[in-house]
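Work through the exercises below with the model open beside you. Try each task before reading its solution.

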Amino acid sequence: MSVLDRVALVPRDAPWGEVCDALARAQKTNRNAQAYSRWVNRPLGRVLAATAYRWGVSPDSISLVSACFSFTGIALVAVLPPTVTTGVLVAALLVVGYALDSADGQVARLQGGGSLAGEWLDHILDAFKTSGFHLAVAVMWFRHLEGWSVATTLVPLAFALQASVWFFGIILTDLLLRGAGVKRAELRAEDEAAPVLTSLLGIPVDYGVLCLLMGLLGWFPVWRIAYTVLAVVNIALLFLQLGRWYRRVSAVGGH
């Protein structure tokens, strides 16, 4: 879609509340949306998106600002000691970065559609964030073993692998289904059959949960156990989801 073909959902100078209402009506499907993302991050992103839209900020600019918040938080995980202050600061940076990550797509919808370049930028930044988060945790883990074996550093490294494969699986599955001619409306009808249950079951793989978990860094032993449990659950869910994705792609492969 070219810039000239776009039709804005609402004029840029419309009242802020009207912009928010337009966004709420145009909210994308809840397919693959976990609880935090659906009920916290998207509404928070909507507030930021409405404000950014009225200020004339572009989706790509929002993506870059989001990356600044997220990558700063990730860097602090690697370089600062796990204290209460570090945890609160990192959690705040990651939460804001994640909300802005939602806002860029919402601004694109407000202006009548995004661009391939914008989608590419968003996914590339997400790819860095997805793996970089757990690699930063691995650095912190190694620097602050506190009685744990060096071998346990494999926990965040395994989590990084899981997160990378999970992210790639979502992107690749969606790409292949689109290429096979599966209509997005059909996917929406299938995935919204039990949206609330789907969102609740997706809590363990919700990036927002990881953001909030960092707030417990001041209680490092508790945080490390919680992170380890979350890693194990995520790895188990990955294998279950890989089977689901494969069956889904196989079902349309002959069409």
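## Exercise 1: A salt bridge between helices

Task: In this predicted model, Asp-101 forms a salt bridge with Lys-129, and the closest N and O atoms are 3.4 Å apart. Find which helices hold the two residues, and decide whether Asp-101 is buried or exposed.

Solution.
- Step 1. Place the residues. Asp-101 sits in helix 4 and Lys-129 in helix 5, so the pair links distant parts of the chain, 28 residues apart.
- Step 2. Check the distance. A salt bridge needs nitrogen and oxygen within 4 Å. The separation here is 3.4 Å.
- Step 3. Check burial. The cut-off for buried is under 20% relative accessible area. Asp-101 has 14%, so Asp-101 is buried. Lys-129 has 7%, so Lys-129 is buried too.
- Step 4. Recall the principle. Side chains of opposite charge can pair when their charged atoms come close.

## Exercise 2: The partners of Arg-178

Task: Arg-178 forms salt bridges with Glu-119 and with Asp-174. Where do these partners lie in the chain?

Solution.
- Step 1. Start with Glu-119. The side chains of Arg-178 and Glu-119 meet at 3.7 Å, N to O. Arg-178 belongs to helix 6 and Glu-119 to helix 5, so this pair ties together parts 59 residues apart in sequence.
- Step 2. Classify both. Arg-178 is partly exposed, at 42% relative accessibility. Glu-119 is partly exposed as well, at 34%.
- Step 3. Turn to Asp-174. Its closest approach to Arg-178 is 2.8 Å between N and O atoms. Both residues lie in helix 6, 4 residues apart, about one turn of the helix.
- Step 4. Classify Asp-174. Its relative accessible area is 14%, so Asp-174 is buried.
- Step 5. Look for a network. Asp-101, Asp-126 and Lys-129 are joined into one by salt bridges that share partners.
- Step 6. Get the total. The whole structure holds 4 salt bridges.

## Exercise 3: Reading ring geometry

Task: How many aromatic pairs are there? Then classify Tyr-36 with Tyr-98, and Trp-141 with Trp-148.

Solution.
- Step 1. Count. The model has 10 aromatic pairs.
- Step 2. Take the tyrosines. The ring centres of Tyr-36 and Tyr-98 are 6.1 Å apart. The planes meet at 10 degrees, so the pair is stacked.
- Step 3. Place them. Tyr-36 lies in helix 2 and Tyr-98 in helix 4 (residues 84-110), so the pair ties together parts 62 residues apart in sequence.
- Step 4. Check burial. Tyr-36 is buried at 10%, and Tyr-98 is buried at 12%.
- Step 5. Take the tryptophans. Trp-141 and Trp-148 are 5.6 Å centre to centre, with 85 degrees between the planes, and form an edge-to-face pair.
- Step 6. Check burial again. Trp-141 is buried, with a relative accessible area of 0%. Trp-148 is partly exposed, at 31%.
- Step 7. Widen the view. One aromatic cluster takes in Trp-141, Trp-148, Phe-159, Phe-220, Trp-223 and Tyr-227.

## Exercise 4: Helix 2 and its surroundings

Task: Which residues does Ser-37 touch, leaving out those up to four places away in sequence? Which residues form the nonpolar surface patch?

Solution.
- Step 1. Locate Ser-37. This residue lies in helix 2 (residues 35-55).
- Step 2. Check burial. Ser-37 has 8% relative accessibility, so Ser-37 is buried.
- Step 3. List the contacts. Ser-37 touches Arg-42, Tyr-98 and Asp-206.
- Step 4. Move to the surface. Trp-39, Val-40, Val-196, Leu-200 and Ile-203 form a nonpolar patch, with about 410 Å² of accessible area together. Helix 2 and helix 8 (195-201) each give two or more residues to the patch.
- Step 5. Inspect one member. Val-40 is found in helix 2 and is partly exposed, at 37%.

## Exercise 5: The whole chain

Task: How many helices and strands are there, and how many disulfides?

Solution.
- Step 1. Count the elements. The chain has 10 helices and 0 strands.
- Step 2. Gauge burial. Of the 255 residues, 44% are buried.
- Step 3. Look at contact range. Among contacts between residues at least 6 apart in sequence, 81% join residues at least 24 apart.
- Step 4. Search for disulfides. The whole structure has 0.
- Step 5. Compare two cysteines. Cys-20 is buried at 11%, whereas Cys-68 is exposed at 52%.

Definitions and conventions. Residues numbered from 1 in each chain as written. Predicted model: local features only at pLDDT ≥ 70, side-chain atom pairs only at ≥ 80, totals over all residues. Heavy atoms only, no water. Buried < 20%, exposed > 50% of the residue type's maximum accessible area, 1.4 Å probe, protein only. Contact = heavy atoms within 4.5 Å. Disulfide = S-S within 2.5 Å. Patch = residues over 30% accessible without salt bridge, like charges linked within 9 Å, V, L, I, M, F, W, Y side chains within 5 Å. Areas by Shrake-Rupley, 256 points an atom, 1.4 Å probe, with all protein chains shown as cover. Phe/Tyr/Trp six-rings, centres within 6.5 Å; stacked < 30°, edge-to-face > 60°.
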